[in-house]
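Let's take a walk through a protein model together. Have the sequence and the 3D view open, and look up each spot as we get to it.

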Amino acid sequence: MNRPVYVEMKNICKTFGVIRANRNINLSVTEGEIHALLGENGAGKSTLVNMISGIYTPDSGSIAIHGKPVRIHSPRHAIELGIGMIHQHFKLVDVLSAAENILLAEEGPPLLFRKKATEKIRKVMEKYEMEMDLSKKIEEMAVSEKQNVEILKVLYRGAKILILDEPTAVLTPQETDKLFGILRNLVKKGCAVIIITHKLNEVMAISDRVTVLRQGESVCTLETKNTNIRQLTELMVGKPVDLSIVRCPAEKGKLLLSVHHLSALGEHGVRVLDDISFDLYEGEILGVAGVAGSGQKEICETISGLYPVEKGEILFQGENIVGLTPREIIKRGISMSFIPEDRLGMGLVASMDMIDNMLLKEYVNQPGVSVDRRFAREKAVRVRDRLDIQTPGIGTPIRKLSGGNIQKVLLGREIDAKPSLLITAYPVRGLDIGASYNIYDLLQEQKQKGVGVLYIGEDLDVLLELCDRIMVLCNGKVTGITDSRCITKEGLGLLMAGESITALTEEVTPCKL
Amino acid sequence: MQIVNRSGTSTKQIILIRFIAILAAIVVSSIFIGFLGYNPFTVYQNMLKGSLGSTIRFRATLLEMIPLVVTSLGILIAFKMKFWNIGGEGQILMGAFAASFVALRIDGIPDFLMLPLIFLAGFLMGGLWALIPAYFKARFGANETIMTLMLNYIALQFITYLQFGPWRDPKAMGFPKIANFPDSALLPKLFGIHIGLIISILLVVVVTWFMRNTKKGFEIAVVGESFATARYAGMNVSQVILFAMLLSGGLCGITGVIQTSGVNKTLTMNISSGYGFSAIITTWLSGLKAPMVLLVSFLFAILLQGGSYIQSALQIPQSAADVLQGMILFCILGSEFFVRYKIRFRKKEHPNNGGVSP
């Protein structure tokens with residue numbers, strides 16, 4: 001392979017305070033290749049690409065772009081060098097059109113020579129065979145369209161090296177395929193693409209080569225066609241990992257939670273939940289699938305009494321709990337636990353230690369005006385030992401723990417309360433593979449104890465393997481509830497995009513119930 | 001030049017930064033003093049002499065410390081909740097007003113009840129004054145910084161009106177002042193210092209205990225961290241805000257009581273003398289820890305007392321003494337910036353360093 005090397009990073013080191021985020025990392029990306037950066041959270045992927053895109057500068061090591069050694073000192077400099085970063089969170093102005101957003105970053109008098117500039121955008125689109133309605137406003141666009149605008153924006157600025165940070169996290173499987181199509185076109189026309197991900201099947205599907213990072217070091221770079229998921233996982237984690245989830249059988253018990261025609265309003269009176277109905281039984285895991293922001297958060301929060309209900313009822317063991325505050329729900333002895341998506345912003349207090357975080361849920365039941373930390377301390381020790389939480393001590397502020405350990409603190413506290421209903425929103429988000437499988441085991445353990453689990457997930461493979469039934473949401477509506485053995489990933493994708501379950505073919509729903 | 005977030009600052013670095021800040025303060029102030037034509041070392045010596053040099057001066061320093069401590073405790077409770085109460089001035093004034101109302105305007109209060117009553121009145125009035133912004137914050141999400149600040153001016157003008165209008169003492173021979181407190185409403189003294197000192201130390205203990213060991217203190221800390229977490233844990237966020245601000249304003253009100261009853265012996269529009277603002281600095285420097293408030297307030301009082309001493313001892317103009325104080329504070333508060341960020345300098349690179357295309 002004698003194609004020109006676009007990015008050459010050698011012995012890159014970067015330290016933050018005492019944390020060595022990158023140690024002697026080597027990375028080389030050539031013209032016409034899609035290069036995947038694979039690694040668990042905290043492996044140093046983001047740090048590395050932030051150094052290519054000018055957000056950080058390396059402490060030591062060298063970067064060469066198109067064969068010339070450079071010191072990239074700012075994002076602007078990176079753009080001048082033809083490097084385009086597409087962040088996970090889009091940086092677009094909602095009220096402007098696609099074309100206006102692309103031209104916004106232009107130097108010189110803004111938006112003056114729009115016609116000529118738009119012509120230039122069209123040329124870029126033609127070159128890379130992209131399709132887009134340039135006059136459409138960003139606020140009217142779907143997430144995948146916005147992503148395309150971001151891609152076009154960096155191409156328009158002359159980017160030859162594109163970096164995408166977890167681009168598929170917000171996409172349905174079908175949209176992901178489309179994105180991959182665009183990326184393949186780009187590299188055909190002489191670009192190089194670096195894609196950050198921790199989803200192994202995507203690495204296999206899209207990349208030409210893959211560089212695996214572990215604990216801040218580059219483990220190796222492999223040709224994708226010469227490797228497989230098992231090998232990549234081992235390289236990523238550093239030891240062999242069993243990747244299968246064995247769904248344990250559990251007696252489906254009594255009806256626990258029954259939601260009838262639940263609706264809720266969001267900002268600007270938009271209906272974020274639209275006539276949702278479902279049942280949850282004891283001893284089952286009900287999965288909830290959907291593109292991010294389809295109403296998952298609101299379902300969890302309405303049930304926990306944190307989000308106002310417009311209409312409908314939520315029956316917990318036959319009792320309607322709509323309109324009750326979280327404290328009233330606790331006081332009625334309703335044993336429900338909610339693991340919110342935003343762990344440090346909602347479930348836990350980041351600056352407090354494990355003891356005080358245990359106290360958060362139980363202080364109110366203590367007599368008198370003062371708090372008694374003895375039980376919280378015992379509980380903290382119990383939770384730490386049971387879930388094997390890695391912490392300097394139970395008196396350490398939990399924001400100093402790693403993501404996986406923070407999640408274990410939250411989950412441990414909630415499980416320790418012995419709930420009969422457990423609501424978990426993205427419980428493995430940001431966790432590494434080992435920690436994720438730990439969490440799946442814990443959830444299954446709860447299920448076997450007869451707990452009803454509502455599991456909001458994003459990885460469809462996991463949803464299919466872990467859950468007994470899956471409910472799919474699209475724009476606040478339920479598009480289908482099905483036995484997870486009776487639907488394929490493609491079927492879920494279609495439901496996530498808004499197809500009704502009755503319209504699905506037998507190919508994607510092997511056994512209709 | 002670039003400002004970069006420090007991702008981890010070790011304790012050693014923090015101590016070093018603070019030390020450099022104090023050094024910088026001394027150097028910068030010395031240059032300034034030198035320009036004024038004084039020997040900086042004489043000035044520093046006099047500042048220490050003026051604040052700690054004799055029993056009387058030491059007492060004067062403690063008298064400066066007392067209102068700082070009590071007000072800081074009030075501000076601390078609010079800040080712990082990330083409620084930016086900069087209305088300490090107004091709350092002090094309104095607390096002083098309530099104390100004066102009880103002491104001067106209500107007849108027939110038995111002597112032994114007088115002091116408890118003026119403290120109660122001052123606490124409640126200061127608390128009520130702080131409840132106004134707290135209510136608007138809890139109910140409508142109004143900006144508490146603006147509201148507490150503006151309420152300062154309302155309180156100040158109100159007291160000024162009383163002093164020059166309805167409460168003006170006819171026996172003061174035309175001088176615009178309010179009548180002195182009756183003896184029963186004056187704070188008794190111990191070792192030559194009014195018992196406000198003991199009260200302030202007791203309050204430090206109480207507030208430390210309150211924040212650490214009570215349910216309400218715990219709730220305040222959680223609300224300060226995140227409204228969402230507080231709601232998730234079943235707390236009534238509005239109620240916590242209102243309660244905390246009643247305490248915060250109440251403590252500031254007690255400062256007003258101590259200053260009227262222990263120092264001025266009457267109500268004047270100058271009663272707060274900037275303690276409400278200075279306390280913001282002392283609270284912040286204490287790291288929101290009640291025991292540290294005592295230490296920081298004492299050091300701050302040395303600065304205030306020493307500053308006023310050099311005015312008379314060395315004939316340094318008051319404005320110059322204020323500039324001195326300001327520079328010292330600037331260096332110390334400014335160092336907080338370096339605890340969180342570092343500045344990176346880089347040589348200007350040549351524009352042709354690094355090609356655009358191969």
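## A threonine to start with

Leaving out residues up to four places away in sequence, Thr176(A) touches Thr168(A), Leu171(A) and Glu202(A). Keep in mind that this is a predicted model. You'll find Thr176(A) in helix 6 of chain A, which covers residues 173-188. Is Thr176(A) buried or exposed? Its relative accessibility is 7%, so Thr176(A) counts as buried.

## Chain B on its own

Now hop over to chain B. Its secondary structure comes to 13 helices and four strands. If you follow the C-alpha trace along its principal axes, chain B spans about 95 × 60 × 35 Å. The chain has 358 residues, and 49% of them count as buried. What about contacts between residues that sit apart in the sequence? Taking the contacts in chain B with a separation of 6 or more, 77% are between residues 24 or more positions apart.

One residue to click on here is Lys216(B), in helix 8 of chain B. Lys216(B) has a relative accessibility of 27%, so it counts as partly exposed. Setting aside residues up to four places away in sequence, Lys216(B) touches Phe210(B), Gln239(B) and Phe243(B). Compare that with Ser261(B), which is 45 residues from Lys216(B) along the chain: the C-alpha atoms of these two are separated by 30 Å.

## Where the two chains meet

How many residues of each chain take part in the meeting of chain B and chain A? On the chain B side 30 residues are in contact, and on the chain A side 44. The size of an interface is often given as the accessible area lost when the parts come together. For chain B and chain A, the buried area is about 2900 Å², with carbon and sulfur atoms giving 54% of it. Three residues are worth finding here: Lys215(B), Phe218(B) and Tyr232(B) supply 28% of the area that chain B buries against chain A, more than any other three residues.

There are charges and polar atoms in play as well. Between chain B and chain A, 17 residue pairs are in polar contact. The interface also has one salt bridge, where the side chains of Arg327(A) and Glu219(B) meet at 3.8 Å, N to O.

Which helices of chain B each supply at least two residues to the side that touches chain A? They are helix 7 (196-213), helix 8 (215-225) and helix 9 (227-232). Helix 8 gives the most, with six residues. Sorted by type, the chain B side has ten nonpolar, twelve polar and eight charged residues.

## Salt bridges in chain A

Over all chains, the count comes to 25 salt bridges. Here are some from chain A, with the gap between the closest N and O atoms.

| Salt bridge | Closest N and O atoms |
|---|---|
| Glu362(A) and Lys379(A) | 4.0 Å |
| Arg374(A) and Asp372(A) | 2.8 Å |
| Asp385(A) and Arg384(A) | 3.4 Å |

Start with Glu362(A) and Lys379(A). Glu362(A) lies in helix 12 (residues 354-362) of chain A and Lys379(A) in helix 13 (residues 373-387) of chain A, so their bridge ties together parts that are 17 residues apart in sequence. Both Glu362(A) and Lys379(A) are buried. There's a bit more to this spot: Glu362(A), Lys379(A), Arg382(A) and Asp416(A) are linked in a network of salt bridges.

Next, look at the other two pairs in the table. Arg374(A) is exposed, with a relative accessible area of 57%, while Asp372(A) is partly exposed at 23%. Asp385(A) is exposed at 51% relative accessibility, and its partner Arg384(A) is partly exposed with a relative accessible area of 26%.

## A last stop at the cysteines

How many disulfides does a search of the whole structure find? The result is zero over all chains. Take Cys13(A): its nearest cysteine sulfur belongs to Cys220(A) and is 18 Å away. A disulfide needs the two sulfur atoms within 2.5 Å. As for surroundings, Cys13(A) has 17% relative accessibility and counts as buried. Cys191(A) is buried too, with a relative accessible area of 0%.

Definitions and conventions: Residues are numbered from 1 along each chain as its sequence is written. Chains are lettered from A and ligands numbered from 1 in the order in which they are written. This is a predicted model: local features need pLDDT of at least 70, side-chain atom pairs count only at pLDDT 80 or more; totals for chains, interfaces and linings use all residues. Side-chain values use heavy atoms; hydrogens and water are left out. Contact means heavy atoms within 4.5 Å. Buried area is the accessible area (1.4 Å probe) that two parts lose on being put together, summed over both. A polar contact is a pair of N or O atoms within 3.5 Å; within protein, one must be able to donate a hydrogen and the other to accept it, and residues adjacent in sequence count only if both atoms are side-chain atoms. Ala, Val, Leu, Ile, Met, Phe, Trp, Tyr, Cys and Pro count as nonpolar, Asp, Glu, Lys and Arg as charged, and the others, Gly among them, as polar. Buried means under 20% relative accessible area, exposed over 50%, partly exposed in between (1.4 Å probe, protein chains only).
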